[in-house]
Amino acid sequence: MTETQFTPRVFSGIQPSGNLHLGNYLGALKRFVDMQGPEWETVYCMVDLHAITTWQDPADLMHSTRELCAGFIAAGIDPEQSILFNQSQVPEHAQLAWVFNCVARMGWMQRMTQWKDKAGKNQQNASLGLFAYPSLMAADILIYHATHVPVGDDQKQHLELTRDIAIKFNNDFGVDFFPITEPVIEGAATRVMSLRDGAKKMSKSDPSDMSRINMTDDADTIAKKIRKAKTDPDALPSEADGLENRPEARNLVNIYAALSDLTVDQVLAEVGGKQFGEFKPMLAELAVEKLSPISTEMARLMGDQAEIDKILARGAERAREVTVPVLQRTYEIVGMVGAKQV
Ligand code: TRP
């Protein structure tokens, strides 16, 4: 009873909360850019409705959303080729999320580790939106019938929940309407760790600015942060095995590999035996070479906000060509009077 041929379609989202950093670039943006191509449609979303599950200053939220859009484009997302927009301009995400709130079970949501981490000890005081967050995420993906979703490792559980929601919906209503989405999980090589602690992810919320490279940092700041990055006293190994139990060394080599589109082994074949005193300037030079054109382009784009808003509005319009019919068909399946036949 296959109703739909699922066209290969990639969907992913990033929250517009706070500054973009190297971890977002290598772990998300650059991968999204690399996935643009003839094999599939690519849909990329600034998930502003997810951002407000914890309180955001409204002016900051608008700024972050536009800056994230500038970041996407500066990193190489072509807004003609990909569909690029902010979530709140496509109301079908939230509408489908409501239906999914009625499909997902309390127990499923309570098991989510991100919910437990974020709500902490004070679950009674967390927003209902934070609890329902994964159901909106499932709607983001399934409203496009997306088949592939590139995300970080920390989102794996939410993607499993997305599959569970699709399966239960299809079962409950005896249809084969929502696809079972494939996660495309980021490998360790693209997971960027803090420059101060190789065991922690690079994060916008780390109190130390020295722990991360922001996409808006200038060349001197980037070079300084790399120079001061934590390392160990040993020389670099010539093979990947030699990075075991050396999280800081591994992180810097991973960053070098990701920025230069080489494998870790290829990098080590070149730099094995060097001390950090020699390797760090090489890494700093590479980082500046790759990142400064992006930050310059972001700044240029941010100078013309009307243009960014136009791009987002146009992206939302294109997104709705997909989402409106999927929501109508969902409503029809569920039994809503007035659902339009599409
Ligand atoms: N939860 C994701 C994160 O924090 C962001 C996100 C929201 C997302 N909706 C999505 C990612 C849909 C992939 C697909 O990283």
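## Charged contacts, helix α8 and selected backbone sites

R196 counts as partly exposed, because its relative accessibility is 39%, and partly exposed covers the range between the buried limit of 20% and the exposed limit of 50%. The model is predicted. A search of the whole structure turns up 20 salt bridges. This briefing covers some of those bridges, two charged surface patches, helix α8 and several single residues.

**Surface patches**

- R196 joins K224, R227 and K228 in a positive surface patch.
- R196 itself sits in the loop that runs between β5 (182-185) and α9 (219-227).
- A negative surface patch is made up of E239, D241, E244 and D265.
- Within that negative patch, D265 belongs to helix α11, which spans residues 264-271.
- D265 has a relative accessible area of 43%, so D265 is partly exposed.

**Salt bridge K201–D154**

- K201 pairs with D154 in a salt bridge, and their closest N and O atoms are 3.9 Å apart.
- K201 is in the loop between β5 and α9, while D154 is in the loop between β4 (148-151) and α8, so this pair ties together parts that lie 47 residues apart in sequence.
- The 3.9 Å separation of the N and O atoms falls within the 4 Å cut-off for a salt bridge.
- K201 is partly exposed because its relative accessible area is 40%.
- D154 is partly exposed too, with a relative accessible area of 45%.

**Salt bridge D209–K225**

- D209 and K225 meet through their side chains in a salt bridge, at 3.0 Å from N to O.
- This pair links distant parts of the chain, with D209 in the loop between β5 and α9 and K225 in helix α9, 16 residues apart.
- D209 is partly exposed, with a relative accessible area of 36%.
- K225 has a relative accessible area of 1%, so K225 is buried.

**Salt bridge E317–R314 and a wider network**

- The side chains of E317 and R314 form a salt bridge, at 3.5 Å from N to O.
- Both E317 and R314 are in helix α13 (residues 305-334), 3 residues apart, which is about one turn of the helix.
- R314 is partly exposed, with a relative accessible area of 39%.
- Elsewhere, D209, R212, D217 and K225 are joined into one network by salt bridges that share partners.

**Helix α8**

- Helix α8 covers residues 156-173 and has 18 residues.
- From its first C-alpha to its last, α8 reaches 26 Å, close to the 26 Å expected at 1.5 Å a residue.
- The buried residues in α8 are H158, L159, L161, T162, I165, A166, F169 and N170.
- G174 follows α8 and has a positive phi, near 60 degrees.

**Residues with positive phi other than glycine**

- Most residues other than glycine have a negative phi.
- H145 is not a glycine, yet its phi is positive, near 50 degrees.
- H145 lies in the loop between α7 and β4.
- H145 is buried because its relative accessible area is 8%.
- N245 is also a residue other than glycine with a positive phi, near 60 degrees.
- N245 is placed in the loop between α9 and α10 (247-260).
- N245 has a relative accessible area of 74%, so N245 is exposed.

**C-alpha separations**

- V99 is part of helix α4, which covers residues 92-101.
- V99 is buried, with a relative accessible area of 10%.
- V99 and L136 are 37 residues apart along the chain, and their C-alpha atoms are separated by 9.8 Å.
- Q123 is in the loop between α6 (113-119) and α7 (128-142).
- Q123 is partly exposed, with a relative accessible area of 34%.
- Q123 and T162 are 39 residues apart along the chain, and their C-alpha atoms are separated by 23 Å.
- T162 is one of the buried residues of α8.

Methods. Residues numbered from 1 in each chain as written. Predicted model: local features only at pLDDT ≥ 70, side-chain atom pairs only at ≥ 80, totals over all residues. Heavy atoms only, no water. Patch = residues over 30% accessible without salt bridge, like charges linked within 9 Å, V, L, I, M, F, W, Y side chains within 5 Å. Areas by Shrake-Rupley, 256 points an atom, 1.4 Å probe, with all protein chains shown as cover. Lys, Arg positive; Asp, Glu negative; His and termini not counted. Charge placed at Lys NZ, Arg CZ, Asp CG, Glu CD. Helix = DSSP H or I, 4+ residues; strand = E, 2+ residues; numbered from the N terminus. Buried < 20%, exposed > 50% of the residue type's maximum accessible area, 1.4 Å probe, protein only. Expected span 1.5 Å × (residues − 1).
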